[in-house]
Amino acid sequence: MKWRTKFTEITKVQYPVIMGAFAGLGRASFAAPFSNAGGLGIITALNFNSAERFKKELKAMKDLTDKPFGVNFTIAPPMLAKKNPKARTEETYFDFLDIAVEMGVEVFTTSAYQAKKLGERIHEYGCYWFHKCSVMEHALSAERAGADMITLVGVEGTGFKNPLQQSTLVNITMGNKLLDIPLIAAGGIGNARGFLASLFMGASAVCFGTAIMATKECPASDKLKKRLVNQDIFEEEYYQQIYHHQLKDKSIWSPAAGHCDEVLTIKEFMDKIIGEAEDLLIEWGFKKEQFNTL
Ligand SMILES: Cc1cc2nc3c(=O)[nH]c(=O)nc-3n(C[C@H](O)[C@H](O)[C@H](O)COP(=O)(O)O)c2cc1C
């Protein structure tokens with residue numbers, strides 16, 4: 001089946017699927033297999049402390065895949081930047097952007113804090129700017145600032161939490177009503193039903209974070225992957241951490257872990273999501289050769 005959404009049209013990837021940004025993990029060895037499997041792999045620029053090191057990683061990525069991929073710029077909020085002089089602000093990414101554009105990258109994602117200046121620079125290069133945020137107010141503001149697509153992360157998701165964060169269902173159905181630009185669903189999605197449901201709710205693509213940590217190519221330790229696969233997502237302490245912000249500066253995987261039963265390769269993971277989604281569509285009487293939301 002051919003998959004066509006605004007996301008696949010813009011990014012030229014096979015499936016409406018994008019890799020999350022990953023501090024510590026979002027490197028070429030993880031992102032390239034994601035692109036090779038038909039999604040948009042993402043190199044997380046935060047992981048490289050010099051322009052030379054970043055350029056080397058992009059070269060490694062180009063050796064490992066000839067498919068499209070993107071770069072994420074995770075921006076430290078001012079509070080964090082004040083405390084830590086090494087924290088990455090918008091300006092510290094400008095030289096990284098120049099390098100990535102020179103090397104043919106066309107899609108950039110920004111996250112964690114507003115990124116208007118970086119977004120403008122991305123557009124001056126004729127590239128695409130996708131912004132990721134956790135509340136509708138920030139999504140609307142990024143749309144006004146010119147973002148081409150918004151990833152909205154639900155309260156079920158991992159990453160930067162906001163006390164006013166809504167569920168993935170509310171984010172995507174309401175975002176579809178309130179925003180004019182396409183949306184990417186993120187937060188707690190880990191199987192074919194979650195993937196399809198997101199598209200039906202109005203998303204143009206799905207972002208996977210936690211679910212792809214349980215893959216062979218993810219550079220996390222085997223011990224961590226084992227804990228993830230065995231996570232009881234209905235346990236009280238875990239519930240409090242995810243939904244009541246009792247993280248105490250710890251980060252934890254999302255309830256998408258409930259769908260991770262074994263460690264797969266990224267290709268196996270992608271084929272499972274897409275294969276099962278196609279089976280479901282057929283089971284429901286969908287007879288077309290193309291799933292098209294354009
Ligand atoms: C280990 C890990 C590290 C992450 N690091 C970042 C990061 O540096 N920047 C960012 O914007 N998001 C980061 N995220 C969030 C993901 O990009 C994505 O938005 C989130 O995982 C989606 O929710 P899910 O985990 O339920 O799929 C991270 C997620 C995980 C699991």
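Start by selecting T110 and H131: H131, in β6, is the bridge partner of T110. The model is predicted, so local features need pLDDT of at least 70, side-chain atom pairs count only at pLDDT 80 or more, and totals for chains, interfaces and linings use all residues. Residues are numbered from 1 along each chain as its sequence is written, and side-chain values use heavy atoms, without hydrogens and water.

Next, show β5 (residues 107-111) and β6 (residues 128-133), parallel strands joined by five bridges. Strands are DSSP runs of E, at least two residues, and helices are runs of H or I, at least four, numbered from the N terminus. Two strands pair if DSSP finds at least two bridges between them.

Now select the whole open sheet: eight strands in the order β2-β9-β8-β7-β6-β5-β4-β3, with parallel pairing. At its edges are β2 (17-19) and β3 (41-44), each paired on one side only.

Add helix α6 (residues 116-124), which lies across β4, β5 and β6 and runs at about 155 degrees to β6. Such angles run from 0 to 180 degrees between N-to-C directions, with axes fitted to C-alpha atoms, for helices over the stretch in contact; contact means heavy atoms within 4.5 Å.

Finally, select the ligand. It is surrounded by 16 residues, and A21, S111, G188, T210 and S254 are the closest; a residue counts as near if one of its heavy atoms lies within 4 Å. A polar backbone atom of A21 is 2.7 Å from a ligand oxygen atom. For G188, a backbone N or O atom also lies 2.7 Å from an oxygen atom of the ligand.

Note on methods:
Polar contact = N/O pair within 3.5 Å; in protein donor to acceptor, adjacent residues only side chain to side chain.
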